[in-house]
Amino acid sequence: MSNNIKVIVAGPRGKMGTEALKLIEKEENLTLVACLDRKNGGKNVGEIDNLPNLDAPIFEDPEKCLSEIEADVLIDLTTPENGYKHTKLALEHGVRPVVGTTGFTPEQLEELKQLAEEKQIGAVIAPNFAVGAVLMMQFSKWAAKHFPDVEIIEKHHDQKLDAPSGTAIKTAELIREVRESHHQGHPNETENLTGARGADSDGMKIHSMRLPGLIAHQEVVFGGLGQTLTIKHDSHHRESFMSGVKLAAEKVMHLEVLVYGLEHLLD
Ligand SMILES: NC(=O)c1ccc[n+]([C@@H]2O[C@H](COP(=O)([O-])OP(=O)(O)OC[C@H]3O[C@@H](n4cnc5c(N)ncnc54)[C@H](O)[C@@H]3O)[C@@H](O)[C@H]2O)c1
Ligand SMILES: O=C(O)C1=N[C@H](C(=O)O)CCC1
């Protein structure tokens, strides 16, 4: 385990960012050295209402933050557009990104992977930091070998920007590795209301639900002759993601490439 990992958190006032600050506050080997926020530049984290009482400066300009602050890791929990910019800048400044932000395009992921390789800097992009969700995705990949007909139902809180979720996209990618591409359902089926059959990922359907009261949930439903199999995971609290964030911050210190998915870090 690496000792005293110096961390910048981007998005500290967000739902996940605040949880990440609480994690850093209680973990002895993680030290907050700065935050990157959309406002409060020039202030200290400890001065901001509802944030843990941590002593670290807040920056609004990511370039300035990464140039002035000596950091090992940038934890990004912001928005797709800003998360991508921060990850790229961090790699350019030799700071290892640990990214929970979802909604990056395949082209952006590929570009970041190449940049990490070129700079020989470790990076982790994990669409879901909850260990249970990672297992749900791995079990789904296994099940798909035996049940090639599958639909994914993901359910999230109604403030989520991207759809389908990063977890659903990653699940479909893992299933695609073991499943022959094929059309599911009746060949002549029609949608009488646009979107009724969900999004199509290589013949697999992904359905996205957004409601207040939800946090992050996914069911992967497999259908076979006379049977169905449902693999389900629920995050009831954002604490569920924090052991994965900690693991990623520790393991990224020993990586020289970008890994996409927490499964690459679990024993
Ligand atoms: N990987 C995972 O396990 C996991 C779990 C939950 C959420 N997420 C993802 O994490 C991201 C954040 O989720 P959330 O629920 O905390 O959202 P949120 O809206 O509560 O928080 C996002 C925060 O980012 C801040 N922000 C936006 N642009 C910024 C910028 N340029 N600089 C600094 N801060 C900026 C916003 O002010 C906000 O406080 C989303 O992409 C979400 O999908 C991932
Ligand atoms: O709250 C969110 O937003 C979440 N996003 C991730 C995703 O897109 O898969 C993971 C769970 C929570």
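Student: Which backbone N or O atom lies 2.8 Å from an oxygen atom of ligand 2?
Tutor: That one belongs to Gly166. Keep in mind that we're looking at a predicted model.

Student: How much of ligand 2 does the protein cover?
Tutor: On its own, ligand 2 has 310 Å² of accessible area, and the protein covers 86% of that.

Student: OK, back to contacts. How far is an oxygen atom of ligand 2 from an N or O atom in the side chain of Thr167?
Tutor: That distance comes out at 2.4 Å. The side chain of Thr102 also has an N or O atom to look at, 3.4 Å from an oxygen atom of ligand 2.

Student: Which other residues are around ligand 2?
Tutor: Besides Thr102, Gly166 and Thr167, the residues around ligand 2 include His156, His157, Lys160 and Asp162. Ser165 is there too, as are Pro127, Asn128, Ala216 and Phe241.

Student: And how does that shell divide into nonpolar, polar and charged?
Tutor: Around ligand 2 you get three nonpolar residues, seven polar ones and two charged ones.

Student: What pocket is that space?
Tutor: Ligand 2 takes up space in the largest pocket. Ligand 1 sits in the largest pocket as well.

Student: Switching to ligand 1, then. How many residues surround it, and which are the closest?
Tutor: There are 23 residues surrounding ligand 1, and the closest are Lys15, Met16, Thr102, Ala126 and Phe129. Thr102 also appears among the residues around ligand 2.

Student: Which helices supply at least two residues of the shell around ligand 1?
Tutor: Two of them do: α1, covering 15-26, and α3, covering 80-92.

Student: What's the class breakdown for the ligand 1 shell?
Tutor: By class, seven residues are nonpolar, ten are polar and six are charged.

Student: Where are the polar contacts to the nitrogen atoms of ligand 1?
Tutor: An N or O atom in the side chain of Asn82 is 3.1 Å from a nitrogen atom of ligand 1. From the backbone, an N or O atom of Ala126 lies 2.8 Å from a nitrogen atom of the ligand.

Student: How much of ligand 1 does the protein bury?
Tutor: The protein buries 85% of the 850 Å² that ligand 1 exposes when taken alone.

Student: New topic: what feature does UniProt place at residues 132-266?
Tutor: The unreviewed UniProt entry has "domain: Dihydrodipicolinate reductase C-terminal" there.

Student: How much helix and strand is there over 132-266?
Tutor: Over those residues the chain is 27% helix and 29% strand. The C-alpha atoms at the ends of that stretch are 12 Å apart.

Notes. Residues are numbered from 1 along each chain as its sequence is written. Chains are lettered from A and ligands numbered from 1 in the order in which they are written. This is a predicted model: local features need pLDDT of at least 70, side-chain atom pairs count only at pLDDT 80 or more; totals for chains, interfaces and linings use all residues. Side-chain values use heavy atoms; hydrogens and water are left out. A residue is near a molecule or strand if one of its heavy atoms lies within 4 Å of it. A polar contact is a pair of N or O atoms within 3.5 Å; within protein, one must be able to donate a hydrogen and the other to accept it, and residues adjacent in sequence count only if both atoms are side-chain atoms. Accessible areas come from the Shrake-Rupley method with a 1.4 Å probe; for residues, only the protein chains shown count as cover. On a 1 Å grid over the protein atoms alone, a cavity is a set of points where a 1.4 Å probe fits but cannot get out, and a pocket is an open set with protein on both sides within 12 Å along at least five of seven lines; lining residues have an atom within 4 Å of a point. A molecule sits in a cavity or pocket if more than half of its atoms lie within 2 Å of its grid points. Helices (H or I, at least four residues) and strands (E, at least two) are DSSP runs, numbered from the N terminus. Ala, Val, Leu, Ile, Met, Phe, Trp, Tyr, Cys and Pro count as nonpolar, Asp, Glu, Lys and Arg as charged, and the others, Gly among them, as polar. UniProt positions are given in the numbering used here, feature names are shortened, and annotations may be inferred rather than shown by experiment.
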